[in-house]
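Please look at the model below with one buried residue and its neighbouring strands in mind. The points that follow are grouped by topic.

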Amino acid sequence: MHVTLLSGPNLDLLGAREPELYGTDALADHVRRASAVAERHGWTLDHLQTNDEGVLVDAVHAARGRADAIVVNAGALSHTSWSLHDALAAYEGVVVELHLSNPAAREPFRHTSVVAPVADGLVAGMGGLGYELAVEAAVRLAGARGTA
Ligand code: CA2
């Protein structure tokens with residue numbers, strides 16, 4: 001069983017800037033802890049970070065038939081990318097939307113997620129813990145669906 005973790009624009013800056021919003025851990029730290037959760041369940045995890053919307057869409061396509069679940073923190077593309085929405089709609093596995101912060105408690109433009117309508121669930125506002133919770137949720141949702 002396999003989970004693909006996707007990280008969108010600017011998440012490569014984690015740890016270096018805006019620690020009050022996103023914490024001091026680097027993306028690699030979050031990925032390491034997410035991988036540990038997957039491994040605990042006997043799953044494997046791959047991770048891609050990109051600042052390019054098209055690359056993110058391609059990664060969702062690549063996960064089709066290959067990954068049992070996708071955990072996606074699409075960054076600001078979560079609020080704008082209908083192409084990501086359409087790609088996720090065509091993906092048959094479990095989708096968990098992830099945010100470090102709680103977008104609903106922030107600026108109005110962050111209150112809408114175009115990922116949300118095609119996600120099975122959402123983990124937000126939990127900081128780095130969210131990476132672990134999102135993988136845990138993906139594994140257990142896949143189990144409940146009978147695909148794990
Ligand atoms: O809370 C989240 O995880 C977000 O997806 C982060 C996005 C933001 O646009 C979403 O509304 C919520 C921003 C990621 C940018 O990360 C940075 C990290 C350090 C310095 C600058 C940006």
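This briefing on a predicted model goes from a single asparagine to the strands around it.

Asn73 belongs to strand β3, which spans residues 69–73, and β3 runs parallel to β4, the two being joined by four bridges. Strand β4, covering residues 94–99, has six of its six residues buried.

**Asn73 and its surroundings**

- Asn73 counts as buried because its relative accessibility is 3%, which lies under the 20% cut-off for that class.
- The side chain of Asn73 makes a polar contact of 3.4 Å with the side chain of Tyr131.
- Leaving aside residues up to four places away in sequence, Asn73 touches Leu6, Ser7, Gly8 and Leu11, together with Leu98, His99, Leu100 and Tyr131.

**Strand β4**

- Because six of its six residues are buried, β4 is largely enclosed by the rest of the structure.
- In a regular strand, side chains alternate between the two faces of the sheet.
- In β4 both faces are covered, with Val94, Val96 and Leu98 buried on one side and Val95, Glu97 and His99 buried on the other.

**How the strands are connected**

- Within the pairing of β3 and β4, Val71 has Val96 of β4 as its bridge partner.
- Strands β3 and β4, together with helix α4 (residues 82–89), make a right-handed β-α-β unit.
- Strand β4 is also joined by four bridges to β5 (residues 121–124), and these two strands run parallel.
- Leu98, which is among the residues that Asn73 touches, has Val123 in β5 as its bridge partner.

Technical notes:
Residues are numbered from 1 along each chain as its sequence is written. This is a predicted model: local features need pLDDT of at least 70, side-chain atom pairs count only at pLDDT 80 or more; totals for chains, interfaces and linings use all residues. Side-chain values use heavy atoms; hydrogens and water are left out. Buried means under 20% relative accessible area, exposed over 50%, partly exposed in between (1.4 Å probe, protein chains only). A polar contact is a pair of N or O atoms within 3.5 Å; within protein, one must be able to donate a hydrogen and the other to accept it, and residues adjacent in sequence count only if both atoms are side-chain atoms. Contact means heavy atoms within 4.5 Å. Two strands pair if DSSP finds at least two bridges between them. A crossover is right-handed if, with the strands pointing away from the viewer, the path from the first strand over the helix to the second runs clockwise.
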